[in-house]
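Please open the model in your viewer and keep the sequence panel visible beside it. The stops below are given in the order in which they may be selected.

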Amino acid sequence: MSSSLAFRSLKNGLGLKNSVRALSSTTSQLSNYNQPDYSQYLNNKPPQTARNIAYFMVGSMGLLSAAGAKSTVEAFLSSMAASADVLAMAKVEVKLGAIPEGKNVIVKWQGKPVFIRHRTAEEIEEANDVDVSKLRDPETDAQRVKKPEWLVMLGICTHLGCVPIGEAGDYGGWFCPCHGSHYDISGRIRKGPAPLNLEIPQYDFTDDSTLMVG
């Protein structure tokens, strides 16, 4: 073995011994290191302070939960509230002077057709001469009107919800072509499958020439 190779081997051996010696010294120092003791801070905390912290946390969670529930309820109620266009259609005003005697008009109220007929004296007499006991849905004409000359009804057939045709049918009132229901001049069912008379909506006369539906 050459002298240079022998010198390198000796040097490496000495370096390894020095590294082992340094590691042993560091491990010995770590084993003698005393870790700080925090037990006195953890164990000596006053009980009242711990309870106060617990109450604070529970109260905070309760407030957050209540705020979340309130927000949820408000969002639900706002989604259930009627929209502006629906509220605008809650009532419909009709000027009666524009409806000639013996004629019908149809107005839209809450998405439904409303029939308004300005009845003649002959039509009023015809409606009152009907034998109510023979009707499928017994109602006198007086029960269906607030003023004899004005008949106000929902224009929806009580059979399957079709819209009847005015001044038609076997009784000169309304006729539903879908299934053949005939209504008289008072809107009462007289023939066909419909079980009930045409419905009377809520309405009132605000003055002699104005009708308010709704």
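**First stop: a pair of facing residues.** Select Gly166 together with Trp174; Gly166 stands opposite Trp174, which belongs to strand S6. Please bear in mind that this is a predicted model. Now extend the selection to S5 and to residues 173-176, which form S6: the two strands run antiparallel and are joined by three bridges.

**Second stop: the sheet around that pair.** Add S7 and S8 to the view. The four strands form an open sheet in the order S5-S6-S7-S8, with antiparallel pairing. Strand S5 (165-168) and strand S8 (189-191) stand at the edges with a single partner strand each, so one side of each has no neighbour in the sheet. Direction ignored, neighbouring strands of this sheet are turned against each other by 40° on average.

**Third stop: strand S4.** Move to residues 150-154, which make up strand S4; five of its five residues are buried. In a regular strand the side chains alternate between the two faces of the sheet. Colour Trp150, Val152 and Leu154 for one side of S4, then Leu151 and Met153 for the other: both faces are covered, and all of these residues are buried. Next, display S3 beside S4; the two strands pair in the antiparallel sense over five bridges. To locate one point of this pairing, select Phe115, whose bridge partner in S4 is Met153.

**Fourth stop: Arg119.** Follow the chain from strand S3 (112-118) into the loop that leads to helix H5 (121-128); Arg119 is found in this loop. Is Arg119 buried or exposed? Its relative accessibility is 0%, and Arg119 therefore counts as buried.

Show the side chain of Arg119 and inspect its polar atoms:

- The backbone oxygen of Pro148 lies 2.7 Å from a polar atom of this side chain of Arg119.
- The backbone oxygen of Ile185 lies 3.5 Å from a polar atom of the Arg119 side chain.

Then select the wider surroundings. Leaving aside neighbours within four places in sequence, the contacts of Arg119 include Glu101, Asp141, Glu149, Leu151 and Ser186. Leu151 has already appeared on this tour, as one of the buried residues of S4.

**Last stop: the whole protein.** Zoom out and switch to a cartoon view, in which five helices and 10 strands may be traced. Of the 214 residues in the protein, 27% are buried. Finally, turn on the surface: the accessible surface comes to about 14300 Å², and 60% of this belongs to carbon and sulfur atoms.

Key
Residues numbered from 1 in each chain as written. Predicted model: local features only at pLDDT ≥ 70, side-chain atom pairs only at ≥ 80, totals over all residues. Heavy atoms only, no water. Buried < 20%, exposed > 50% of the residue type's maximum accessible area, 1.4 Å probe, protein only. Polar contact = N/O pair within 3.5 Å; in protein donor to acceptor, adjacent residues only side chain to side chain. Contact = heavy atoms within 4.5 Å. Pairing = 2+ DSSP bridges. Axes fitted to C-alpha atoms, helices over the stretch in contact; angles between N-to-C directions. Areas by Shrake-Rupley, 256 points an atom, 1.4 Å probe, with all protein chains shown as cover.
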